[in-house]
Amino acid sequence: MDGAGTSEEQLSGLSSPSPGSPLLCPHSNMDVKGYKFVRWRVWLTRLAAVLSLGLILLLFHWRPRLAVLARCCSCSLASAEILTLKDSYGRQHVVEVLREVAEEGSLELVGEPEDNEWRDTVTLYKEEKTVLRYYVFEGLRYMWLDKKGAFCLVSVLSEDWTCLDLHGYQNGLSLQEQRSRRRTYGPNIIDVPVKSYVKLLFEEVLNPFYVFQVFSIILWMIDEYYIYAVCIFVISMLSICISLYEIHKQSVTLHNMAQVITTVTIRRDSGLEESVSSVNLVPGDCFVIPPEGMLLPCDAALLTGECLVNEGMLTGESIPVLKTPLPHTEKTYSSESERRHTLFCGTTLIQARGGGPRGSGAIAVVVNTGFFTAKGCLVSSILHPRPMNFRFYRDSAKFLLLLGFVALVGSIYSFVILFRDSQTVKSLIIRSLDIVTIVVPPALPAAMTTATIYAQHRLKSHGVFCISPPCINVCAKVSVFCFDKTGTLTEEGLDVWGVMEGGPAGFSELVSGPSLLPPGHLLSGLACCHTVTLLNGQPLGDPLDLRMVESTSWTLQEPVDNGEVLNAEFGGHRVLAVMRPPAQELQAEETATSEALAIVQRFPFSSALRRMSVVTVTQGGRSALAFIKGSPEKVASLCRAESVPSQFSSYLNSFSKEGLRVLALAFRPLDGDTDLTTIQRKEVEKDMEFLGLLMMKNLVKPESAQAINILTLAGLRTIMVTGDNILTAVNVAKSCGMVGSDERVIFVNTTPYTAQDTPTLMFNLEEDAVSNQNSAVVSLGLYQEDSRYHLAISGDSFACLCDFFPEYLPKVLLRTTVFARMTPDQKTQLVKELQKLNYCVGMCGDGANDCGALKAADVGVSLSEAEASVASPFTSKTNNISCVPLLIREARCSLVTSFSLFAYMAMYSLIQFCSVLILYTVKTVLFDEQFLFIDIVLVTFVAIVMGRGGPSAVLHPVRPPASLLSLPVIGSIFIHLCMVLLGQLAAILIAMKEDWYVPQNLTNTEPSIENTTVFYSSGFQYIFIAVVVTKGYPHKKPLYHNVLYLCLLLVLTAIMIWLVVYPGYFTAEFFSLYNITNIEFKVLLLGLAALNFIICFFAEVLIEMGVLNCLHLLRGTRPSKKQYKCVNKLLSNSPSWPPLNELLPCMSHGPLAQLAVVYPPLDTQPPKCNDSMNSILSRQCEY
């Protein structure tokens, strides 16, 4: 739902993701095409399925869209029976249009049809009934709406609800209305189907991998490779059983986690209350929250009362949040803009009070159900993860096609050779197809996942949990990491550093704590302006509020039972909480300002508004006071100008530079005739009287500086994104090492667009750096090594820069280290803007205000006690950023290992490919016992333990490559292929020249010298090629650290030496080995294998040193495809940028300015940075 949002939210131009937003449920806008069945096509397809023995049905199972094209013809959506969907990632889906007979009242929701052409009707018992048409995709229901002429999410029916409309549902729905809505919206259940083992087996067997296995096994059985075929069959069945068990176990776990079914007490419009199953809840239902709380089965807006909620499952934030009633306004409701008044599905309501019957409990109205809820989006993101647009995965598919081409060439060669040898037709077909099963290894995808599985287990042992294992390899390519400040870089808790009372006459003396203040409005405001609540007598709330209240020494008291006693004490007002001063203060000072105050209205803190406020009354209800607390700039802007001290800015800058968290407080007396229960926030937060400043010390975590230093030394750019003051953020950036002590900070300042003035842009040095040396700095050039700099920008300036200075945006993004006063939506926008520059972006935050940015980033890390959250694919239980270098090290190790496994599996296929073609040429084959030994003993065990090696202890500056089709990878495989081919040919040619050589007879079922020689030679190649392709430095520990892998290689080498030197009668008989008695030839084979290994090893060393890169000189230098590198090159050649203290006007203003974007959208292929683009980017470098 698209809410109106606040003015601050609208300025940023991008809203934070609500649980139903396209960011979390990304298929809101899809390309939909309609089809209807054609009878003759359906029958023709059935006939083709019979004639093809079901192969067409198998193809349709893999590509459902082909089944639609074969059976159906296109038609309008209004009459469609089948739909094809193309989601935002380009994936194709097929869904069936479902129909239900609508009851009376349903049409009021979906809209009356305006034309009979758009209307679906059905005749039941000679009575025409209207039919509801819808489809379900990834749990979300899409309804056909006649007025829109399209299938729309059913949530669109409630997207225009205002806050006032929701309050109108307080009396509940009628039974008929609730039933009609249930038919429209569907059941309130997040259903994760748990398939039976039989169905899972059927689906698993139809996987292309296992279909290829079945084809191979049938081929081997026909070719009389019985032992090998049976062993592969047993291994495949074992793999299927393990896979089925894991899939079923995960489905049951997710089903139990997702499904929340409970009994809820709802209100009917008749005035009665009724207990119903939560499955029957629909949007608009009004229900009662018991005082002891509950596990919420839906998304709901709180109408009356207050609720203490644990939202850790969604945000990762372990601190309970206080939810307050939804205001009575005409503003369009949005679950994100009204987050402080919304209860999300799956969250735990710890307690509720002040709003239910007899003053206990609370009242809420359902706004979203099923997969449209926040928890539904979490489950959907797990069930249907975002596809990995990662080059490694794209290249692996292309490489398989390349191997398929090699298999085709090999099949043609083998067909020609065997045809010349007058083989039977059966033998020609079987031998040619056998080449395909050899060259294209069906176990390749499974082998490549072992590296991420090992990395995932190692991360879990360090308290880092991953719900999307493919993201591990993506993390290896991160080039910039963004960090939230409070709770991420700095400690969550704060200590009160001091308080300064302020007014028209200026600021008073600094005192070390609120308890030392004289009785007055500032002390009362510090004691009352918070959302702290009690649970079992213990205060709970935001750490800042807890520390502030504790420092005042005032006591918090909350109503008990129906709260009539406290209500009577404070003039009959409905009391939420009472703050009482310490007893000794009451005895010493009998003044009105030191007496107890009751909080009767709360407006919680909003990241977008950067403030919170409360309304209080004195005993007897004699007077009412409103207090506001928030960022100093925002609070001062809401105060009367004459009440703000003239030294406000200088004091604020001074405290912020010291790294202090500064808050301002203000108050306003309210009229006695004001209705305090319905008063709106905008009526409270205006014409305030400035009270003073509260300074709190937020210490940097000791692990932050160390982690930032590791990332910096590794060449990873670090960025701070915070909602705090820009000077405080710069101080923290210096403390944690993001900004060096010898590096300068330049502030990016803008003035907003108004009807009278155009926006302007200016770059100013930090005040400490502004001196007589300013002109010298400019003349020397900020790009010189002795004068490095960082930019710092506020959220308002960032929004202005995006809207009116798009030509400067790439350059500013490239040099900005501190983003301050950023709202949650601006954090998300920043991540997307960095991605447009082709950065691989990481984001680390506490999950509370960073959900959108964590979700939008390529790699999101949430610091949370939960093992999974909707916020990010990675969750760390370690409450500091030390997990980030660990994660990157593990990711790089995983990616490098995946490369090694891929190269090994490819080389294994190619070695066997060479062996088979050579033996075909000399009229013999490998026997099935030999195949079995190679595939199971030599290859499978090696592939399983190869990924066990851990990451390097040091994060290296050079990132590992991600392309499998790069020159070093392809060149390495080609060179090794040539070497192994030469090694096998050399062995067999040497054998043929021996005096004792006996040529192969006409039958290839007997042991032969050629077969045995190739078997010996290739056996060593399978072992040493594993050593050659195993990467160590700099991203992985050396091979000897993987003890199991090293021992396995030594054991396999010993076995091969034993088979060559003295296999024994029974072993030779089992493997069908020719009895070679010449010991000199055996030693020669061992020496040839050692020479083959040495040549391949040193060839790989030279390739890693970059010998093949000299071939790049033949094509000339090419500009980087990554735009941030192109922009960085331009800036490096512009030593006078940024222009200091120069007022830069906007080239254009208004909506057209937003079109002047100099880099492509995220979903397009980035162009090369050619001369025309360079000229565009360098337009402003002339200063």
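Is lysine 195 buried, partly exposed or exposed? Lysine 195 counts as partly exposed, because its relative accessibility is 31%, and values between 20% and 50% fall in that class. Keep in mind as you look around that this is a predicted model. The protein chain has 1183 residues, and 55% of them count as buried. Let's start with the whole chain and then visit its cores, a surface patch and some salt bridges.

**The chain as a whole**

- The secondary structure of the protein chain comes to 41 helices and 41 strands.
- Take the contacts in the chain with a separation of 6 or more: 74% of them are between residues 24 or more positions apart.
- The protein chain has an accessible surface of about 50900 Å². Carbon and sulfur atoms account for 59% of that surface.

**Nonpolar cores**

- The largest nonpolar core has 137 residues, and the members that touch the most others are Phe483, Phe874, Val884, Tyr904 and Val942.
- Helix α32, which spans residues 883–921, gives this core its largest share, 24 residues.
- Another core, of 43 residues, lies apart from that one. Among its members are Cys800, Phe804, Phe805 and Val831.
- To see one core residue up close, find valine 884. Setting aside neighbours within four places in sequence, valine 884 is in contact with Phe481, Phe483, Leu711 and Cys844.

**A nonpolar patch on the surface**

- Nonpolar residues also turn up on the outside: Leu402, Phe405, Leu408, Val409, Ile412, Phe415, Val416 and Phe419 make a surface patch of about 770 Å².
- One of these residues, valine 409, sits in helix α13, which covers residues 391–420.
- Valine 409 counts as partly exposed because its relative accessibility is 43%, and the class runs from 20% to 50%.

**Salt bridges around helix α7**

- The structure holds 28 salt bridges. One of them joins the side chains of glutamate 100 and arginine 183, with N and O 3.4 Å apart.
- This pair links distant parts of the chain, since glutamate 100 belongs to strand β5 (residues 98–101) and arginine 183 to helix α7 (residues 175–185), 83 residues apart.
- Glutamate 100 is partly exposed, with a relative accessible area of 23%, and arginine 183 is partly exposed at 28%.
- Helix α7 also holds a salt bridge partnership of its own: glutamate 177 and arginine 181 both lie there, four residues apart, about one turn of the helix. Their side chains meet at 3.1 Å, N to O.
- How do these two partners fare for cover? Arginine 181 counts as buried, because its relative accessibility is 5% and buried means under 20%. Glutamate 177, with a relative accessible area of 30%, is partly exposed.

**More salt bridges**

- Lysine 195, from the opening question, forms a salt bridge with glutamate 203, and the closest N and O atoms are 3.0 Å apart.
- Glutamate 203 is partly exposed as well, with a relative accessible area of 28%.
- Salt bridges can also join up into a network here, as they do for Glu306, Arg353, Glu558 and Arg602.

How values were computed: Residues are numbered from 1 along each chain as its sequence is written. This is a predicted model: local features need pLDDT of at least 70, side-chain atom pairs count only at pLDDT 80 or more; totals for chains, interfaces and linings use all residues. Side-chain values use heavy atoms; hydrogens and water are left out. A nonpolar core is a set of buried Ala, Val, Leu, Ile, Met, Phe, Trp, Tyr and Cys residues joined through side-chain atoms within 4.5 Å. Buried means under 20% relative accessible area, exposed over 50%, partly exposed in between (1.4 Å probe, protein chains only). Helices (H or I, at least four residues) and strands (E, at least two) are DSSP runs, numbered from the N terminus. Contact means heavy atoms within 4.5 Å. Patches are made of residues with over 30% relative accessible area and no salt bridge: like charges are joined within 9 Å, nonpolar side chains (Val, Leu, Ile, Met, Phe, Trp, Tyr) within 5 Å. Accessible areas come from the Shrake-Rupley method with a 1.4 Å probe; for residues, only the protein chains shown count as cover. A salt bridge is a side-chain nitrogen of Lys or Arg within 4 Å of a carboxyl oxygen of Asp or Glu.
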